[in-house]
Structure formats: structure tokens, C-alpha cells
Amino acid sequence: MQDSRQNQQSDFMIEKIKERPINKKKLLRRTVTTASMAVIFGLIACLTFLILEPVFSNWLYPEEKPQTVVFPEESEEMDPEDMLVEEEPPSPQEALEPVILDEEQIQKILDSIRLDEKHYIQLYSAMSAYTAELSHSMVTVTGVTSDVDWLNDTYESKVQTYGVVVESNGREYLILTDRNTIKQAESIIVTFFDGTRAEAVMKQEDKQTGLAIISVELSDIPEETKELVQKATLGSSNLRNLIGTPVVALGAPMGMVGSAGYGVIVASGSIMSRVDANYKLLTTDIYGSPDSEGVLFNMQGQIVGIITSDRVDSNMKNAVTAIGISELRKLIENMSNGKEPVYMGISGMDVTSEANQEMGVPYGAYVREVEMNSPAMLAGIQRGDVIVEIGDSSIENFNNYTATLLRLEAGQTVKVTVQRLSQNSYREMEMEITLGTED
């Protein structure tokens, strides 16, 4: 009996503890919620960092903005009589009669001058030293592109062209170069005259002239190189006595980067017509490559032209020819500041005095052609129109038209006044044009 009670008591005290069943759906929901919150928190943290990082960086380490590049205006050429110092006229006793030599006396003086090989060596040694000095402003620009051969192996393709340091904005070297050679490059490497190499980026380009400005960070250049690099000075190609001026061609006038040539300017009357601009060509007696490129320097170390492979005269297809620097000065300045070239879309010419007097054509920019789908065509400008005013600027010739465009901005809407021939007389018309950029 007692045993039976004990068994009942023991049966009463024995419990079986069962584990709480796991709610898998609830656990999965919590896991997904936690992971989602972690992702959202991470995205918010990244976004906050991206927004605030430049602010804190500029606050802690303020970065200087690049300076605006402005090339000095061309100085007007002075007549020889204007260069004389004004002073009291000399007395009759002080005045000297001019010495007039006849041909026999001149020939006698020339015969007394004896030139030998030493003078020849001295002359070319001086030119070699001058070229070496100019090379401090020249660089080699290499465009690097990755490609795949027929075995599906990747290799690097490299092309080279010239470059010339035209300015520094306090943060970068600005280098003028040939756009067509490097336009497809994935990376651009600049090699300075002492072998220093640095990576460059495209600053701005102009499709009409085939020129570009690339930039190299000053922080990437050793101090010893920066002390020796020289910025080239832009000269003038509008001098009256330009014909016969001695010049040095650097860059790739012979088709090879690093080549050079000496000669004189023999012609400057040819015009290279482009959309929205006409450029004067300088032809030299330097025998170069049909694909020559580079820079023309005068004997004062100034750039007077940018070598182009465009030739007007087929009889001089190997003569080194350059675009006059005066017509390119403002364009180079705009590109150095990263400003896009403005596009209206016309080709034109000056109105001659004969056309004005005999046919009554008003002075201005005469429109020869209008580009399809250009801002000019969409606004209604037609072939034969004469542009006489853009905004508040009076247009007297095609150079005025180009210079005015270079001062305007892409996307800007301007009022253009034209004279259009109607029933044997010209009448004035106004239209609004929104300037663009060439694709």
C-alpha cells in the first residue's frame, strides 16, 4: 500500500519539458528586416559621406581655384618714324648729309667680306642653341589606347604628337596640341624635354581647327623640371613686314615628333575657310612632310603660327604651312579656360569695296553657306545674307563676326541683324539665335 502511494507521488512529480516550437516565418522576417535596415543604414552613411566629404575637405584643406587665363593683347606695330625719340631738330652743323653709294662701291664692300666654313658653322651652331632653348616649352604627347589582336590578346596602341606649353593657371600646365591624334586615346601621357613623364587630361578641344588644350597637374611635376619649363609666348601674324621673317619649325614638321626646320615665311595671302571662322595661312620655304604639325617660332621666341597639314597651293604641298596665331589667340584662351567653342553654323567672307560700291552690298559678314540643322539655319539665316550686327556689336567684316562669337557663350540667345536682298535692294531683318556647340 505504501509502495503504491510512493509510485503515485513519483508519477505526479515527473514532468516532461517540451521545447518551444520555432516560428520559421517570423525568424525569416526578422532576419530580412535586420539585413534591410543594415543595407539602408549603409546607403545613408555612404550618401552622407559623399555629400559631406568635399565640404569637410575644402574646409580642412582649402583648394585654390585655377586662375583665369588671359593672353595679353597684340601690341600694334609701330612705323619706324614713330619709334624715333622726339627731340629738337639738329642744327645745320650737326646735320649729316646722307651717304649715297653707287653700285661699284657697294660691290667693293661686298667683295671685301669673306665668308668661310667657320661662319657657316657659327650660324648653324647659333640656330641649334636657339632651338634647344625653345625646346624647354615643347613636350611630346602620347595617346594610349587598349586594343585586341586577332588572337584575342590585349595590347596597347600608342600614337605621338607635339605639344607646347602656352600657360599655367596656378594649378596646371596648359598644353596646346593636335586634337586629331589623341581624340580616341584612353589615356594621355606628356613627356617634358628632360624626360619627365606625367598623365594629362583633355581640357577642351576645337573640331574646326583640330586643336586641343590638355592639362597636367603642377603637383605631378618635380620642382627641378618646373624651374626649367618655359611657357611659350604668343606673338603676332598680322605684321606688315611678315614676308621674309626667319622662323623655326618645331614639333613634327618633318613628320617625326622632335624634328625641326629653319626657313623664312614666303607667303601669307592664303585663307583657310572653316565654319564660323576664316584663318590666314603662313607658308614657309621649309621643306617638310605632307603630314607636318607643330609650331612656328620667330627669332624673338614667340609663336607666330600653328603648323597645319592643310595646303591651299598644290604646287607647294611639301612646304610647311601654319595658321596665323593672331586668328587663334582668343580661341586658345577660351580653350585654356575650359570654355566650349560657340557654334552658329555659317561659312562666309568679307564684303569687298567693289561689291559695296558697284552692287550696293552692305559691309558685314557675307554668308556663303549655312550648315544643315545649325542654329543659323534653324533661325532663318540664308545664303547671301549679310550679318551686320550681333547683340550690341557691329559687324563690319567676317573677322568681326568670328571675334564676337568667341566672346559669347554656348546656349546664349542673341539678336542677329542681317541685310537681305529683296527686289534689287537690301532690307534689314532681325532674328534670335540660340548658340550651340558643334557635335
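**Exercise 1.** In this predicted model, decide whether Phe398 is buried or exposed.

*Solution.* Start with the relative accessible area of Phe398, which is 1%. Buried means under 20%, so Phe398 counts as buried. Now try Tyr401: its relative accessible area is 0%, so Tyr401 is buried too.

**Exercise 2.** Find out where Phe398 and Tyr401 lie, and which kind of aromatic pair they form.

*Solution.* First, place the two residues: both lie in helix α10 (residues 398-407), 3 residues apart, or about one turn of the helix. Next, look at the rings of Phe398 and Tyr401, which are 5.0 Å apart centre to centre, with 35° between the planes. Planes under 30 degrees apart count as stacked and those over 60 as edge-to-face, with the rest tilted. The Phe398 and Tyr401 pair is therefore tilted.

**Exercise 3.** How many aromatic pairs does the whole structure hold, and what does the pair of Tyr124 and Tyr262 tie together?

*Solution.* A search of the whole structure gives 4 aromatic pairs. One of them joins Tyr124 and Tyr262, a tilted pair at 6.2 Å centre to centre and 50° between the planes. Tyr124 belongs to helix α4 and Tyr262 to strand β9 (residues 259-274), so this pair ties together parts that are 138 residues apart in sequence. Tyr124 is partly exposed at 40% relative accessibility, and Tyr262 is partly exposed at 32%. To finish, add Tyr120: ring pairs link Tyr120, Tyr124 and Tyr262 into a cluster.

**Exercise 4.** Where does Leu115 lie, and is this residue buried or exposed?

*Solution.* Leu115 sits in the loop between α3 (103-111) and α4 (117-134). Its relative accessibility is 68%, so Leu115 counts as exposed. Leu115 also helps make a nonpolar surface patch of about 570 Å², together with Leu101, Ile106, Ile109, Leu110 and Ile113.

Notes:
Residues are numbered from 1 along each chain as its sequence is written. This is a predicted model: local features need pLDDT of at least 70, side-chain atom pairs count only at pLDDT 80 or more; totals for chains, interfaces and linings use all residues. Side-chain values use heavy atoms; hydrogens and water are left out. Patches are made of residues with over 30% relative accessible area and no salt bridge: like charges are joined within 9 Å, nonpolar side chains (Val, Leu, Ile, Met, Phe, Trp, Tyr) within 5 Å. Accessible areas come from the Shrake-Rupley method with a 1.4 Å probe; for residues, only the protein chains shown count as cover. A salt bridge is a side-chain nitrogen of Lys or Arg within 4 Å of a carboxyl oxygen of Asp or Glu. Helices (H or I, at least four residues) and strands (E, at least two) are DSSP runs, numbered from the N terminus. Buried means under 20% relative accessible area, exposed over 50%, partly exposed in between (1.4 Å probe, protein chains only). Rings of Phe, Tyr and Trp (its six-membered ring) pair if their centres lie within 6.5 Å; planes under 30 degrees apart count as stacked, over 60 as edge-to-face and the rest as tilted.
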